[in-house]
Amino acid sequence: MTETTPQVHEEILAYYSRGEEDARLREGGAPAGRLEFWRTQDVLRRLLPPSPARVLDVGGGSGIHAAWLAEDGYEVDLVDPVPLHVEQASRLPGVTARLGDARDLAAADAAYDVVLLLGPLYHLHERADRIRALAEAHRVVGPGGPVVAATINRFAQLHDLLREERYFEAVHRERTDATLTDGRHRFYEGGLFTRAYFARPDEVITEFGEAGLAVDGQYGVEGAAWLMGGVEDWLDDPERREAVLAASRHIESEPSLLGVSGHLLTVGGRRR
């Protein structure tokens, strides 16, 4: 397919052009961000085929995951709609990066062994756009290859603002309660996040199916640990960090707890 100009809402572009996403997930960043990074890495290392394999990192941002995947021996192509992210990712050894839209990938059919969508689905308000992005992932992944998609859970913002005690501020409470009704997080001046869609775990399964993908599993990324007091000190201590990661594995696919996690990973493949 031919390269197309990414269609991204100006609020999303402005938010990520601040360049803060990379720092959020790295060592020294926010505790929840670091936990998200380490747990995503932990789950992916168990889901992906052995290297070398071709990975398409769709919406891969500055290359926070592409970097370690390349170090692990994978051949990584990254696509992102934010020019700053593409510039940052293109500097990484073993990673090629270009501008692109998750809904219209410039890649041949079955060109990759793995397709990751670790950001696009939660910035697409419209269900048709999310299914289209998943269908494109289905198209470019080879037979037997996994498609792994990240979503933000419907109640993540509610949990986060309660944890930070911002829910007691009327403006944040009003906006958060509105998001709970339809999953649509709307951008507003002074807000804590940009335009986004917060999904229920079961609807992700439905959207995978409509895109022709059979779901093999779902994994709560942060589990309940991100909501607990003391998590920052735990993550700063390597021994305690490993204990937190191990504890999270115990509940990562427990259906009754999937929605407690801030982020969810859903993995699927082509229907046989």
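Buried means under 20% relative accessible area and exposed means over 50%, with partly exposed in between. These terms are used in the legends below, which describe a predicted model.

**Figure 1. Salt bridge between Glu87 and Arg91.** The closest N and O atoms of Glu87 and Arg91 are 3.0 Å apart. Glu87 is partly exposed, because its relative accessible area is 44%. Its partner Arg91 has a relative accessible area of 57% and is therefore exposed. Side chains of opposite charge can pair when their charged atoms come close.

**Figure 2. Salt bridge between Arg103 and Asp101.** The two side chains meet with an N to O distance of 2.9 Å. Arg103 has a relative accessibility of 14% and so counts as buried. Asp101, at 10%, counts as buried too.

**Figure 3. Salt bridge between Asp109 and Arg139.** The closest N and O atoms of this pair lie 2.8 Å apart. The pair links distant parts of the chain, 30 residues apart: Asp109 belongs to the loop between strand 3 and strand 4 (114-117), and Arg139 belongs to helix 6 (residues 127-140). Asp109 is exposed, with a relative accessible area of 54%, whereas Arg139 is buried, with a relative accessible area of 16%.

**Figure 4. Network of salt bridges.** Arg39, Asp42, Arg46, Arg249 and Glu252 are linked to one another in this network. The count of salt bridges in the model comes to 23.

**Figure 5. Strand 2, helix 5 and strand 3.** These elements make a right-handed β-α-β unit, with helix 5 spanning residues 83-89. Strand 2 (residues 75-80) pairs with strand 3 (residues 95-99) in the parallel sense, over five bridges. Within this pairing, Val79 of strand 2 stands opposite Arg98 in strand 3. In a regular strand the side chains alternate between the two faces of the sheet.

**Figure 6. Leu116 in the largest nonpolar core.** This core has 44 residues, and Leu116 is one of those that touch the most other members, together with Leu48, Leu69, Val76 and Leu265. Leaving aside residues up to four places away in sequence, Leu116 touches Leu44, Leu48, Val55, Leu56, Asp57, Val58, Leu69 and Val148. A second core, separate from this one, holds 25 residues, including Val79, Leu121, Leu124 and Val204. In soluble globular proteins, nonpolar side chains tend to be buried together.

Terms used: Residues are numbered from 1 along each chain as its sequence is written. This is a predicted model: local features need pLDDT of at least 70, side-chain atom pairs count only at pLDDT 80 or more; totals for chains, interfaces and linings use all residues. Side-chain values use heavy atoms; hydrogens and water are left out. A nonpolar core is a set of buried Ala, Val, Leu, Ile, Met, Phe, Trp, Tyr and Cys residues joined through side-chain atoms within 4.5 Å. Buried means under 20% relative accessible area, exposed over 50%, partly exposed in between (1.4 Å probe, protein chains only). Contact means heavy atoms within 4.5 Å. Two strands pair if DSSP finds at least two bridges between them. Helices (H or I, at least four residues) and strands (E, at least two) are DSSP runs, numbered from the N terminus. A crossover is right-handed if, with the strands pointing away from the viewer, the path from the first strand over the helix to the second runs clockwise. A salt bridge is a side-chain nitrogen of Lys or Arg within 4 Å of a carboxyl oxygen of Asp or Glu.
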